[in-house]
Amino acid sequence: MQDQLSALLAKAAAELPAIASRPEFEAAKARYVGPHGELTGLMKQMGAVPKEQRPAVGKLINEAKTQLTAQLDATLARIAHAELAAQLGPPVDATLPSPDPGPGTCHPLTLVREEMCRILRKVGFVVADGPEVETEYYCFDALNTPSDHPARDEKDTFYFPASARFGNVSRKVPDEKYLLRTHTSSVQIRTMLKGPPPIRIVSPGRVYRRDTTDATHSANFHQLECLYVDRNVTVRDLKALLDYIFASLLGKDTKTRFRPHYFGYTEPSFEVDLSATHLPKVKKPWIEIGGCGMVDPTVFEAVGYDPAVWSGYAFGMGLERLAMLLYGIDDIRYFYQNDLRFLKQFA
Amino acid sequence: MKISLNWLRDYVPLDASVEEISRAITFLGFEVESVHQTGAPRLEQVVVGEILTRARHPNADKLSVCTVDVGPAGGVKTIVCGAHNCDPGHRVFVALPGGVLPGNFQIKQSKIRGQASDGMMCAPDELGLGGEHDGLLLIEGKPALGTPINDALPPGDTVFDIEITPNRPDCLSHLGIARELAAWFKLPLAYPQEKFRGALPDGAAERRDLLASVRVEAPEDCPLYSAFVVTGIKVGPSPAWLQERLKAVGLRPINNVVDVGNYVMLETGQPLHAFDARKLAGHEIVVRRAADGEKIVTLDGRERTLTSRMLVIADAQRPVVVAGIMGGEDSGVSADTTDLVLECACFKRQSIRATSRQLGLASDSSYRYERGVDPHTSLEAAYRAVDLILETAGGQVAGPAFVVGGDVPWLREIVVTHDFITDRLGFDVPAADMRAAFDALELTVTREEETKEPARGPAWTVSIPSWRDDLDRPIDLVEEVLRLYGTEKIPADVVRAPGLLAEDDPIVAFNRRVTDYLVGHDFHECVNYTLRPAREIAPWVEAAAARELALANPFVEDQSHLRPTLVSGLLETLKLNQSRGVSVSRLCETGRVFLERKGQTVECAAVAFLVAEPTGERSWLKRESPDFHTVKHHLHALAAAAGVDFARQPLVATGSPGHGWQEGHSVGAGDIAYGWCARLGLVDLALVRALGIEGRVYAGTFAILPERLAADVTRRRFTEFSQMPAALRDLALVVDTATPAGDVQKTLVKLARAAVGTAFAVESVAVFDLYAGKGLPEGKKSLAFNLVFRSPERTLTDEEVNLVFQRIQASLEQSTPYLIRK
């Protein structure tokens, strides 16, 4: 019996390492330990073994079974490992470029706009939107721009023919002309006409000027305006907002300064300068970044707010200009060419 | 406007530095666009010298070796010079060693090509005098040798180019700016003192033969017209001081009469005009509207055709001036003029502006009238001009003098309290400082009284001078106080930040979601112009709708129409990148598009993207090319961002030859009449080729009305789903090639539901294979479906599912033309 068991183990040890697949393995396993397997056959001979030898033979058989099972397990583990290895193929060359396109990129104007909106949301401004096709009322009349003001001239503003009809752009005055908005201030008017103060909005958007396209001018560009209407809003609050915005955007050492100026829809009005020493490609200590002021009482009257009760401020700036300053871009036309070599630089 | 510092000093004793004055102008609210120095800058060690000898440099053809006598400044020097005009006898400026020329150019003793040189003879540009670099500056006259340059040359001037805001026409003058600076620096202001005050001098001749009458027929356009006669003048060049003044601010001196007119306009802001009295037909002046078609040749030599809306100054026969804008060619002052009529008038701003615009003719005069000239100070300017004409051209004032209109008195008072100003500013400015600001700006406080609560400060009644028509409410005085107090002194503060009052606009939220999605799927976001050329939009919109998108006044042909789609702009972007050899496949954009709805145009929020077949780009590993289903997949996600379940939308074939979308390879969904619409598929191959774009381009676009986005989105409710195992069956159907899979699927769902009844549920019926070709008849295709059955509460048995599956097959055979592929 012992010899038979030894021979069986030796045979298995010789045969199993050559087995390379699961079906072969299953067949081999059946040959040894299956119902008709060789080891099973030897175990069946136990009945013929004299009673006094049985414990010794039993022990031998058990030892052989343990050994054989271990060999079979090892074989199966080897096959499983080989199967996984076969799925792998050769190791990757991680230095090859990805054949897939991408990653995608946000346009720099989107990046700057969203950054401004994030900064303003932190101090309670929500983003408002309004139509780009506007009417004379929302773009000019309500903003204290007299009817013979040069900004309203056909030389400077895009108009639509009298026959044009814009189904979802409401007119305030019957038969007033449609035009392309020259500033996003029309959103302020629409927002104020929609409901009572307090109001705290930021309105980024496209605006249009009838202008020659060159390095600093574009027939359409983007503005971003803030409007805050509440009780007791002061010049000091306005200055605080601008200090906060630009410190958030450019670092806490950034300073702003106000220069008195004139706009029809604010009083007092200011132009805003930014300390520019740390901006790329700017060689001046201060650079103009936008206009602002306290909302003119005439504007409040136009939207039905009582100027004795409500006060407010407005601030506006060009998004392209801001992006140009932030990124050191020197030609506005890059924004509208969408050359991928440009777009990929900012994301 | 150009403002001369020397000129300002006639009225206000400014001794601040140029930088301080520049800063003052800036913080008074006027942008200083440039500061320009005339004359020589302050230079040390630059003196007058005379060239004694000139010899050729032994080692350089183009250089000379000169001896130069600088007198007491150092005797005779040897100087190497490269100028062509360093000839003996000339007096020139010599920069001596130790001197520094503009641009921090230090002069030292040196050797030039082996020849010692003891200084430098200077060209005008080297001295900071501008001009071409063309030889040495040769000094006229014979200033003493060794005289420092700043003693030898007339003192220079500083000229500020200032942008005057439209609310401040009073500052379109040196007096106006001087008034502001006097207020800023707290200095006295000296107005010119006129000798002539309108009254004719004793014994003045009454020359009705020169000017018999002045008639204003259009007083609504001309609130003031005055005319004065000066006889016996001699037209000639202006004196040097007058010429200097005009030249400093960029005007060319012409003759004493014209120059005085310009001088007084630049001093006071009041335009003036002088006629040769002999050239006024009938010796009368009529201020009237022109007749339609009436003509005048203006000073610039061009014939202008007038209309009845334009105001003219006419004599008995014809217009002689386009009122307030430009004089006629043949009525003005000429070299032989001896008697003149001086006009000083005020015209209505709107009238001048309209005429100027219509004629395309503007002047310094029209610029001031358009912005507003103060009629209450006009006559002062006329008197000033008379004084200066007498001073520079001789002659005497004669009668009669005419003043028509100008009789509306000026009175404006604003009551403002300390409290009101403080509330608007948000910080304390002492009442005394506020009061001082008013005084400095000649805003006379006629009354000061304490408000009822003394702690709240005084109330002032402020009398507004006639030239400050821009001030008429208390808020306007807040700005005046702040200007003089100084905007740089606004104290810092933290932002008061209560919570959000509302949500971001739904359009903004939509744009963010779709841009995030597309950028996250490797698209590059683009921004294209909204205005497109007619030819570009033609393939994308019906001709009638395209006409509605046209601007009335496009600036350039390439930007004449609103865009009806974002796709055409993205194609241009693709084309630009391809033409520059930049590989690009995925582009996207969000923005407004303008669509036709029931005969009107509607402004919509939109998103579009395109996926181009990679061309020319070689890759070591091939990827599958994009196709229709690539864009359909993305469109699904974009529609979801707008709350639209795209899978449930019926699709309509789109595209026809000559249009943007390729027939048979593109579809549309939705309808803008119901709030949204989508288009997707292959861009017309011929269009793409015509654009010069290589490879096929797939695109998708989704547009939605802003008001539809704004509508409240109903919140989704949870639907219970079964925890039991599913039972699966596959079924292949042979159908006509043209039959859409969606139709077959819908039929199959209906039949399956009928077969199942209420016993359990058909969970899904989905196409998993499409086959055509070998083994199938021509014109047929096979669609294989996977049917999933499930019960909410138990495991389904094979028997019951088989029964249902047989029923489905039976009803397919009975009620549809589809063949079951066995």
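**Exercise 1.** Where in chain B is the place of Asp522(B)? Then decide whether this residue is buried, partly exposed or exposed.

*Solution.* This is a predicted model. Start with the position. Asp522(B) sits in the loop between helix 13 (506-520) and strand 27 (524-525) of chain B. Next, take the backbone. Asp522(B) is not a glycine, yet its phi is positive, about 75°. Last, the accessibility. Buried means under 20% and exposed over 50%. Asp522(B) has 23% relative accessibility, so it counts as partly exposed.

**Exercise 2.** Find the residues joined by a cis peptide bond in chain A, then place Pro198(A).

*Solution.* Look at Pro197(A) and Pro198(A): the bond joining them is cis, with omega about -5°. Now place Pro198(A). It belongs to the loop between helix 7 (185-194) and strand 4 (199-208) of chain A.

**Exercise 3.** Describe the contact of chain A and chain B, beginning with how many residues each chain gives.

*Solution.* Count residues: 94 come from chain A and 93 from chain B. Then take the area. The two chains bury about 7900 Å² between them, with 54% of it on carbon and sulfur atoms. On the chain A side, Asn168(A), Arg236(A) and Pro260(A) lose the most area to chain B, together 9% of what that side buries.

Now the charged pairs. There are 11 salt bridges between chain A and chain B. One salt bridge links the side chains of Arg512(B) and Glu114(A), at 2.7 Å from N to O. Finally, sort the chain A side by class: 44 nonpolar, 24 polar and 26 charged residues touch chain B.

Terms used
Residues are numbered from 1 along each chain as its sequence is written. Chains are lettered from A and ligands numbered from 1 in the order in which they are written. This is a predicted model: local features need pLDDT of at least 70, side-chain atom pairs count only at pLDDT 80 or more; totals for chains, interfaces and linings use all residues. Side-chain values use heavy atoms; hydrogens and water are left out. Contact means heavy atoms within 4.5 Å. Buried area is the accessible area (1.4 Å probe) that two parts lose on being put together, summed over both. A salt bridge is a side-chain nitrogen of Lys or Arg within 4 Å of a carboxyl oxygen of Asp or Glu. Ala, Val, Leu, Ile, Met, Phe, Trp, Tyr, Cys and Pro count as nonpolar, Asp, Glu, Lys and Arg as charged, and the others, Gly among them, as polar. Helices (H or I, at least four residues) and strands (E, at least two) are DSSP runs, numbered from the N terminus. Buried means under 20% relative accessible area, exposed over 50%, partly exposed in between (1.4 Å probe, protein chains only).
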